[in-house]
Amino acid sequence: MILRDLIASLERPLSTGSLDVEVLAVTADSRLVEPGTAFVAVRGGSRDGRQFIPVALEKGAAVIIADSAADSGFPENVPYIHVSDTRHALAAFASLLAGEPSKKLKLAGVTGTNGKTTTAFLLHHLMKRVWHRAGLLGTVLVDDGEEVKTATHTTPGPVELNALLARMSDHGCRGAAMEVSSHGIDQKRVEGIAFDAAIFTNLTQDHLDYHGTIDAYAQTKFSWFEALAANPLGKKPVAVVNFDDGYGEKLVVQLGDRLPLIRYGFNVHCDFRANNFKQSARGMEFELTAKGKSYLVRSPLIGRFNVYNSLAALAAASSMKIPMREAVAALAESPQVPGRMEHCGTKDGVSVFVDYAHTPDAIENACRTLKELNPNRLITVFGCGGDRDRKKRPLMGKAAAEYSDACIVTSDNPRSEDPESILKEIESGMTGSRYKLVVDRAEAIRIAIHAAAKGDIVLIAGKGHEPYQQFADRTIDFDDRKEARRALAERPEEPNRKR
Ligand SMILES: CC(=O)N[C@H]1[C@@H](OP(=O)(O)OP(=O)(O)OC[C@H]2O[C@@H](n3ccc(=O)[nH]c3=O)[C@H](O)[C@@H]2O)O[C@H](CO)[C@@H](O)[C@@H]1O[C@H](C)C(=O)N[C@@H](C)C(=O)N[C@H](CCC(=O)O)C(=O)O
Ligand SMILES: Nc1ncnc2c1ncn2[C@@H]1O[C@H](COP(=O)(O)OP(=O)(O)OP(=O)(O)O)[C@@H](O)[C@H]1O
Ligand SMILES: N[C@H](CCC[C@H](N)C(=O)O)C(=O)O
Ligand SMILES: [Mg+2]
């Protein structure tokens, strides 16, 4: 695209140099610059992108975009575009250069503290049933309609995101479901993306390291809905909101009638309302009332929170004209979301589940769900990530101690922090004495599974699908599900077991 056409999307940019140059691609990472690339110098959390302008120029950048001149002054041989918001410019260029792919898809985004991955998986499953091809992107994987790959971020940066949406559209996907993280919103990764449905699952404590306060965190989430209301980008986006959640209710009030709305939950005011929830080890069922009709919804997933995820997926699907009967029928064959309440086997009457609960609310939900299966004891193995919200550590400890019969506190991606100190911070919130601190996660899993007796359930929480453990100096291969299966296989004979 010609630079002149690209900058037409920006508000009052100032420029030096010719605007008639051809721009082939855009990036905010100097390492990815090739001849013809526009380099946007973003001032990030840890580095100032302006320091990489000389590298970008050396590699043949066609134009430099920044919010102020670098120490080295303005580049002389290539055009320079001065903007007030570099992340906005990056998102705008990324969308235009990819051919505005979000406008070619029926696109649903899911935000909220918990349930994004699960809801996006369910919605993707419903979309595929009726449209045959649909895309998915989020924490666990990206599916461009032809190829499935491991994800690096829950919500990728705008360049990668638009390229992915373009591949989905090229591959014949009619629609896609994607996760929208609070980091993604704050860093404008989804700016300029046209959504048909915007789902709000819930909001509870997490990420205070990044957002500071829970209200700032909530406002970041809400700002995505505000942006869609202010500029729907040629679509009629529908807000699909959990109306049982306190912040969901606040969002509904804040939005007023600026976006069409579907409220979901158990309460009587919901447009998609669940009733008569029942579950067993084999799955769950509930009655759904929506659009003046009733449906019996069955799903192999367990947990009351999965009623919410199912309602969100059904409501968004319905807003995209997916017939309700087909959607309800498809939910009965919901996929196992990797590492979300994943049953990893039963031996000697001991059942093991791996789950991704890594917030106080999710730990409580996961434990309560498994307690509803009436185990003799629930033994929970969990930890908290390093270099992430420290305030949630004692709260996760408290929730695990309160809703389990015994706990083993262990490491979960200590990153640059000292693993033992993280365990101590978790312990500070724990009551009673039915817990142990075991720094090595593999050993913690083994101890729990070997100490369990017939009728017990072991919950291994926090890492779900993750195939690694991150330490300050190294990342090792590590998968809770493999460790659980190994520990189950190696369970000693009953009489030899240590308690
Ligand atoms: C805190 C955070 O979100 N950081 C993300 C952010 O980094 P940043 O903007 O602070 O960038 P920076 O490292 O300061 O660098 C500034 C600029 O210099 C550029 N640079 C840097 C080096 C170089 O040689 N050349 C160069 O041009 C960088 O590309 C960047 O544009 O932008 C980067 C590029 O898109 C991301 O990779 C990076 O994710 C880091 C790795 C990360 O861990 N993010 C997590 C917290 C995250 O985003 N998580 C959410 C999910 C959270 C949830 O569960 O809800 C997610 O969506 O994945
Ligand atoms: N709707 C929900 N409400 C509360 N807790 C939930 C809900 N759905 C899932 N959970 C719990 O939260 C955990 C994470 O779920 P999921 O991966 O779907 O959420 P997420 O929002 O994508 O998380 P992340 O932001 O870390 O990617 C699950 O393993 C489960 O314990
Ligand atoms: N997306 C979440 C995942 C947390 C998972 C947990 N295993 C950890 O490493 O803290 C985050 O980055 O906060
Ligand atoms: Mg996720």
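**Stop 1: ligand 2**

Select ligand 2 in this predicted model. Which residues are closest to ligand 2? They are Asn114, Gly115, Lys116, Thr117 and Thr118, and 23 residues surround the ligand in total. Colour this shell by residue type. You should find six nonpolar, 12 polar and five charged residues.

Now show the helices. Helix H4 (116–131), helix H10 (304–319) and helix H12 (360–371) each give at least two residues to the shell. Which helix supplies the largest share of the shell around ligand 2? Select H12: four residues of the shell come from there.

Next, colour by domain. Domain 2 (100–332) and domain 3 (342–490) each contribute at least three residues to the shell around ligand 2.

**Stop 2: the domains**

Stay with the domain colours. The protein chain splits into domain 1 (3–97), domain 2 (100–332) and domain 3 (342–490). Look at domain 2 and domain 3 together. Their centres, taken over C-alpha atoms, are separated by 28 Å. Where the two meet, 15 residues of domain 2 contact 15 residues of domain 3.

Select the domain 2 side of this contact. Helix H7 (208–211) and H10 each provide at least two of its residues. By type, this side has five nonpolar, seven polar and three charged residues. You have met H10 before: it also supplies at least two residues of the shell around ligand 2.

**Stop 3: the sheet of 11 strands**

Show the strands next. In a sheet, strands pair through backbone hydrogen bonds, either parallel or antiparallel. Find the open sheet of 11 strands. Walk across it in this order: E9-E8-E7-E10-E6-E11-E12-E13-E14-E15-E16. The pairing is mixed. At the edges are strand E9 (148–150) and strand E16 (293–299), and each pairs on one side only. From one strand to the next, the twist averages 20 degrees.

Add helix H4, which packs on this sheet. H4 touches E6, E7, E10 and strand E11 (197–200), and its direction makes about 175 degrees with that of E10. Then add helix H8 (residues 214–230), which also packs on the sheet. H8 touches E6, E11 and strand E12 (238–242). The direction of H8 makes about 160 degrees with that of E11.

**Stop 4: strand E10 and its neighbours**

Zoom in on strand E10, residues 175–179. Why is E10 described as largely enclosed by the rest of the structure? Five of its five residues are buried, so the rest of the structure largely encloses E10. Check both faces. Gly175, Ala177 and Glu179 are on one side, with Ala176 and Met178 on the other, and all are buried.

Now look sideways. Strand E6 (residues 106–111) pairs with E10 in the parallel sense, over five bridges. Click Gly109: its bridge partner in E10 is Met178. Strand E7 (residues 134–137) also pairs with E10 in the parallel sense, over four bridges. Click Gly135 and you can find its partner in E10, Ala176.

Step from E7 to strand E8 (residues 141–143). These two run antiparallel, joined by two bridges. Here Leu137 has Val142 in E8 as its bridge partner.

**Stop 5: the sheet of five strands**

Find the open sheet of five strands, ordered E1-E5-E4-E3-E2. Its pairing is mixed. Strand E1 (14–16) and strand E2 (25–27) are the edge strands, each pairing on one side only. Neighbouring strands here are turned by 20 degrees against each other on average, direction ignored.

Select E1 and strand E5 (residues 80–82). They run antiparallel and are joined by three bridges. Ser15 has Ile81 in E5 as its bridge partner. Then show helix H3 (residues 86–97). H3 lies across E2, strand E3 (37–40) and strand E4 (63–66), running at about 150 degrees to E2.

**Stop 6: two residues with positive phi**

Select Lys291, in the loop between strand E15 (283–290) and E16. Its phi is near 50 degrees, a positive value in a residue other than glycine. Is Lys291 buried or exposed? Lys291 is exposed, because 11 other C-beta atoms lie within 10 Å and the cut-off for exposed is 12 or fewer.

Finish at Met341, in the loop between helix H11 (324–331) and strand E17 (342–347). Phi of Met341 is near 45 degrees, again positive in a residue other than glycine. Met341 is buried, because 23 other C-beta atoms lie within 10 Å and buried needs 20 or more.

Notes: Residues numbered from 1 in each chain as written. Chains lettered and ligands numbered in written order. Predicted model: local features only at pLDDT ≥ 70, side-chain atom pairs only at ≥ 80, totals over all residues. Pairing = 2+ DSSP bridges. Near = placed C-beta within 6 Å. Nonpolar A, V, L, I, M, F, W, Y, C, P; charged D, E, K, R; others polar. Domains from an automatic or database assignment. Axes fitted to C-alpha atoms, helices over the stretch in contact; angles between N-to-C directions. Contact = placed C-beta atoms within 7 Å.
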